[in-house]
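Reader: I would like a close look at a single part of this model, taken slowly and with the surroundings described as well. Please keep the answer connected, so that I can follow it with the structure open beside me.

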Amino acid sequence: MGGKIEMEVKNIIKKLNKNGITNYEIIPMEVGCDTVRIPYRTGYELTNITELFKRGVKIDIDIYTKTVTLWDFKEWERSRKLYDKLTILVELFYAELRTGKTPAEAKQTQHDYAKTNNMMAAFYMIYK
């Protein structure tokens, strides 16, 4: 078999529905990686949800809100990296302002850095 294992949100939902789990909400994320959040009442329900997804899914369990959040793992990784790039560019902007540069100069520095370091997608997310 082999190959990559992907579990897009639509496939996560199909698998949940196939197993009788219909109480969930889709949470759209800013960096493009939607998630599915499912409430649970008991440890048994939690186990039933998490046992459905052995591979290809990032699972976060919040015991305080009693919810399970599921992401396609590849999408989660991509979003994480994009978020890290956004953080770097925002920090660079404010560092430039602290050195006395104007906002326009700081933005130009961001642009140059983004172009040099393959971060243009993150740059355009800031200035869409």
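Which residues are buried in α3?

Author: This is a predicted model, and the description below should be read in that light. In α3, the buried residues are Ser79, Leu82, Leu86, Leu89, Leu92, Phe93 and Glu96. What covers them includes helix α4 and helix α5, the latter formed by residues 120–126. Helix α3 itself takes in residues 73–98. With 26 residues at 1.5 Å a residue, α3 should span 38 Å, and because its end C-alpha atoms are 38 Å apart, the expected span and the model agree.

The packing of α3 against α4 deserves the closest attention. In general, two packed helices are described by the angle between their axes and the distance between the axes. Here α3 and α4, the latter comprising residues 103–116, pack at an angle of about 140°, and their axes lie 9 Å apart. The two helices are therefore oblique to each other, and α3 passes α4 in a right-handed crossing. On the side of α3, the contact is made by Ile88, Leu89, Val90, Leu92, Phe93, Glu96 and Leu97, while α4 contributes Pro103, Ala106, Lys107, Thr109, Gln110, Tyr113 and Ala114. By character, the residues of this contact divide into ten nonpolar, two polar and two charged.

One of the contact residues on α3 is glutamate 96, which can be followed individually. Glutamate 96 has a relative accessibility of 12%, and because that is under 20% it counts as buried. Leaving aside residues up to four places away in sequence, glutamate 96 touches Lys101, Ala106 and Thr109. Ala106 and Thr109 also appear among the residues that α4 brings to the helix contact.

Beyond α4, the loop that leads from α4 to α5 holds asparagine 118. Asparagine 118 is exposed, because its relative accessible area of 64% is over 50%. Its phi is near 55°, a positive value in a residue other than glycine. As a general matter, most residues other than glycine have a negative phi. A positive phi, near 50°, is also found at lysine 66, which sits in the loop between β3 (57–62) and β4 (67–72). Lysine 66 counts as partly exposed, with 37% relative accessibility.

For the wider setting, two isoleucines elsewhere in the chain may be placed beside this picture. Isoleucine 21 lies in the loop between α1 (9–18) and β1 (25–27), and at 15% relative accessibility it counts as buried. Its contacts, not counting residues up to four places away in sequence, are Leu16, Ile38, Ile49 and Leu52. The C-alpha atoms of isoleucine 21 and leucine 70 are separated by 13 Å, although the two residues stand 49 residues apart along the chain. Isoleucine 26, by contrast, belongs to strand β1 and is partly exposed, with a relative accessible area of 43%. Isoleucine 26 touches Ile13, Asp34 and Thr35, again not counting residues up to four places away in sequence. From isoleucine 26 to glutamate 45 there are 19 residues in sequence and 19 Å in space, C-alpha to C-alpha.

Technical notes. Residues are numbered from 1 along each chain as its sequence is written. This is a predicted model: local features need pLDDT of at least 70, side-chain atom pairs count only at pLDDT 80 or more; totals for chains, interfaces and linings use all residues. Side-chain values use heavy atoms; hydrogens and water are left out. Axes are lines fitted to C-alpha atoms, for helices over the stretch in contact, and angles run from 0 to 180 degrees between N-to-C directions. Helices (H or I, at least four residues) and strands (E, at least two) are DSSP runs, numbered from the N terminus. Angles under 35 degrees count as roughly parallel, over 145 as roughly antiparallel, 65 to 115 as roughly perpendicular and the rest as oblique. A crossing is left-handed if the near helix is turned anticlockwise from the far one by less than a right angle, and right-handed if clockwise. Contact means heavy atoms within 4.5 Å. Ala, Val, Leu, Ile, Met, Phe, Trp, Tyr, Cys and Pro count as nonpolar, Asp, Glu, Lys and Arg as charged, and the others, Gly among them, as polar. Buried means under 20% relative accessible area, exposed over 50%, partly exposed in between (1.4 Å probe, protein chains only). The expected span of a helix is 1.5 Å times one less than its number of residues.
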